Amino acid sequence: MTGLLVFGRTGQVATELARLVPDARFLGRDRVDLADPAACAAAIQASGCAAVLNAAAYTAVDRAESESDLARRINAEAPAAMARAAAERRVPFLHISTDYVFDGSGEQPRAETDPTGPLGVYGATKLAGERGIAAAGGQWAVLRTSWVFSAHGANFVRTMLRLAAERDELRVVADQHGGPTPAADIAAACLTMLAAMRTDAARGGLYHFAGAPDASWAGFAREIMAQAGLSCRVTGISTADYPTPARRPANSRLDCAAILRDFGISRPDWRAGLAKVLQELKP
Ligand SMILES: NC(=O)C1=CN([C@@H]2O[C@H](COP(=O)(O)OP(=O)(O)OC[C@H]3O[C@@H](n4cnc5c(N)ncnc54)[C@H](OP(=O)(O)O)[C@@H]3O)[C@@H](O)[C@H]2O)C=CC1
Ligand SMILES: Cc1cn([C@H]2C[C@H](O)[C@@H](COP(=O)(O)OP(=O)(O)O[C@H]3O[C@@H](C)C(=O)[C@@H](O)[C@H]3O)O2)c(=O)[nH]c1=O
Ligand SMILES: [Mg+2]
C-alpha cells in the first residue's frame, strides 16, 4: 500500500504491519511523541500521505491507573488530533481499540452497537479516543480487538513462556473470557479495511475483530504450554485471587459478524496463529 503513514514502529501490530507493507512510513517514538497531540497532527500535515494508521498506544493496563493524564493524552487526545488532521487532508484514518471499553457483564459476545462501560483508566481513555475520532468529521475506521499476541513486545504468550521457565505451576484466571488475537491477523485486517476505504469514501466505522474460539486466560495458557511442549501445570483461579490495580472485564467476547459482512474478514483461529508465533520464538 503506497503512501501509508503509520504511528508506531516497535509495537506488536506495527511490527507485523512492517512485514506486510515495508514501503509504509513508520513513525516511532523517536520521531513523534504521542503525548504531544499537536506533533501527531503536524506529522500528518507534513507527510503528503494517502492514508493514516495509528498502531501506537499506551497499553500498560495497570500502570495507567496511576498515570491517567499521560494515558489520556496518548490514547484519547492524540488519536483525535490525528483524525482531525487526516480529515483536513481528506485521507482515511484507521485506529485500533480494545475490548476493555466494555464492563464485562453477562456472557454474550458484544456487538459494536452495545453500550460501553470501561472498568479502568486504559479502557476509559481508549473509549475517549474512539469518540474523538468519530467527532473529527473525516473518513475513519476503528477496529476493536482483544488479547493481542505476537513474537514481539509485551504480551501474554511471552509472559507465560517466561514464567513457565521459572516455575512448575502457574495460577491463571479462569473467569475472564475473550478472543486471543494474533497481531499478524490484525495487521492484515487493517490493510484490507484501509484498501476498501481508499476506493470508497463511504466505507468505515466501528468494527470488532478477535481470534476464535473464545477462551479464558487459563485456557489460553494451557494451549501455550501444550503447543510449546512445556510440562508447567496451569491452575485456574478466580479474578479475586489475582488482585491487580486495574479491574478487567470478565466477558471480553466480541461479536465479529459486522466485519465479516462488510469486509469479508473472518475470525482467525488463534491456535494456528500461536503455532506460528511459537515457531518464530524457537531459538
Ligand atoms: N496489546 C493488546 O493486548 C491489545 C492492544 N489493543 C490496541 O491495539 C493497538 C496496538 O497494540 P500493540 O501493538 O499491542 O501495542 P504495544 O504495546 O505492543 O505497542 C505500543 C506502541 O505504542 C508506542 N508508544 C507508546 N507510547 C508512545 C508515545 N508516547 N509516543 C510514541 N509512541 C508511543 C510504543 O512505543 P515504544 O515501543 O517506544 O514504547 C509501541 O510501539 C493499540 O491501540 C492497543 O490499544 C487492543 C486490544 C488488545
Ligand atoms: C501473568 C499472569 C496474569 N494473569 C491474569 C491477569 C489478567 O487478568 C490476565 C492477562 O494478563 P495481562 O497482563 O497479559 O493482561 P492485560 O495487560 O490486561 O491484557 C490486555 O491488554 C490490553 C492492552 C488490551 O487491550 C486487552 O485486550 C488485553 O490484551 O491474566 C494471571 O492470572 N496469572 C499470571 O501469572
Ligand atoms: Mg499487559
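Student: What makes 11 residues of the shell around ligand 2 nonpolar?

Tutor: Their residue type. Ala, Val, Leu, Ile, Met, Phe, Trp, Tyr, Cys and Pro count as nonpolar. In this predicted model, the shell around ligand 2 has 11 such residues, with five polar and three charged.

Student: Which residues of that shell are closest to ligand 2?

Tutor: Thr 59, Val 61, Thr 98, Phe 156 and Val 173 are the closest of the 19. Two elements give two or more residues each: α5 (156-164) and β7 (169-173). The largest share, four residues, is from β7.

Student: How do you know that a residue belongs to such a shell?

Tutor: By its C-beta atom, which must lie within 6 Å of the molecule. Around ligand 1, 26 residues are counted. Gly 11, Gln 12, Ala 56, Ala 57 and Val 148 come nearest.

Student: What is the make-up of the shell around ligand 1?

Tutor: It divides into 13 nonpolar, nine polar and four charged residues. Helix α1 gives the most, with three residues. At least two come from β4.

Student: Which residues of α1 are buried?

Tutor: Gln 12, Val 13, Ala 14, Thr 15, Glu 16 and Leu 17. Their cover includes β1 (4-7), β2 (25-27), β4 (93-98), β6 (148-149) and α6 (183-199).

Student: Why is Ala 76 called buried?

Tutor: Count its neighbours. The cut-off is 20 or more other C-beta atoms within 10 Å. Ala 76 has 22, so Ala 76 counts as buried. Ala 76 is found in helix α3 (68-89).

Student: What does Ala 76 touch, beyond residues up to four places away in sequence?

Tutor: Thr 125, Ala 128, Gly 129 and Gly 132. To be in contact, C-beta atoms must lie within 7 Å.

Student: How far is Ala 76 from Ala 57 in sequence and in space?

Tutor: They are 19 residues apart in sequence. In space, 9.3 Å separates their C-alpha atoms.

Student: What makes a set of residues a nonpolar core?

Tutor: Its members are buried residues of listed nonpolar types, joined through C-beta atoms within 7 Å. The largest one here has 87 residues. Val 6, Cys 40, Ile 44, Val 52, Met 82 and Leu 143 have the most contacts inside it. α3 gives the most to this core, 10 residues.

Student: Which residues is Met 82 in contact with, leaving aside neighbours within four places in sequence?

Tutor: Phe 7, Cys 40, Ala 41, Ile 44, Val 52, Asn 54 and Phe 93.

Conventions. Residues numbered from 1 in each chain as written. Chains lettered and ligands numbered in written order. Predicted model: local features only at pLDDT ≥ 70, side-chain atom pairs only at ≥ 80, totals over all residues. Buried ≥ 20, exposed ≤ 12 C-beta atoms within 10 Å, placed from the backbone. Contact = placed C-beta atoms within 7 Å.
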